[in-house]
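Welcome, and please load the model in your viewer. We will go from stop to stop, selecting as we go.

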Amino acid sequence: MFTTPKEVLDAQLAAWDKIVEKHSQADPTFAKIVASQKAWAKRVVSWKLRTYVDNRIAYDHYFKGKQ
């Protein structure tokens, strides 16, 4: 299994921000949709980060090194 490095994900987000900015300036409807999506994501992800328990603790307890 390969996990994408954080640096790559950060670069993808930076590139996406440039694309969104360009299209938002050209199309007010696009800008409105992006703003709505970001507001929704802020609410949902914020809730998830506060309420979801990291499963790694239980996984490591039961399965790590017990193969």
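In which helix is Y62 found? Select Y62 and you will land in helix 3, residues 56-62. Helices here are DSSP runs of H or I with at least four residues, strands are runs of E with at least two, and both are numbered from the N terminus.

Before moving on, two notes on the model. It is a predicted one, in which local features need pLDDT of at least 70 and side-chain atom pairs count only at pLDDT 80 or more, while totals for chains, interfaces and linings use all residues. Residues are numbered from 1 along each chain as its sequence is written, and side-chain values use heavy atoms, with hydrogens and water left out.

**Stop 1: Y62 and the whole chain**

Keep Y62 selected: its relative accessible area is 53%, so it is exposed. The classes are buried for under 20% relative accessible area, exposed for over 50%, and partly exposed in between, with a 1.4 Å probe and protein chains only. Now add A35, which is 27 residues from Y62 along the chain; their C-alpha atoms are separated by 42 Å.

Zoom out to show everything. You should see three helices and zero strands, running α-α-α from the N terminus. The C-alpha atoms fill a box of roughly 55 × 25 × 15 Å along the principal axes. The radius of gyration is 18 Å, whereas a compact globule of 67 residues would have one near 11 Å; this value is taken over C-alpha atoms, and the globule rule is 2.2 Å times the number of residues to the power 0.38. Just 4% of the 67 residues count as buried. Switch on a surface: the accessible area is about 6,700 Å², with 62% belonging to carbon and sulfur atoms, as given by the Shrake-Rupley method with a 1.4 Å probe, where for residues only the protein chains shown count as cover.

**Stop 2: helix 1**

Select K6 and D10, which both lie in helix 1 (residues 6-26), four residues apart, or about one turn of the helix. They form a salt bridge, and their closest N and O atoms are 2.7 Å apart. The term needs a side-chain nitrogen of Lys or Arg within 4 Å of a carboxyl oxygen of Asp or Glu, and the structure holds one such bridge. K6 is exposed at 56% relative accessibility, while D10 is partly exposed at 37%.

V8 is also found in helix 1, and it is partly exposed at 38%. Draw a distance from V8 to N55, 47 residues along the chain: the C-alpha atoms are 24 Å apart.

**Stop 3: helix 2**

Finally, select W40, V44, V45 and L49, which form a nonpolar surface patch with about 410 Å² of accessible area together. Patch residues have over 30% relative accessible area and no salt bridge; like charges are joined within 9 Å, and nonpolar side chains (Val, Leu, Ile, Met, Phe, Trp, Tyr) within 5 Å. V45 sits in helix 2, residues 28-51, and is partly exposed, with a relative accessible area of 42%.
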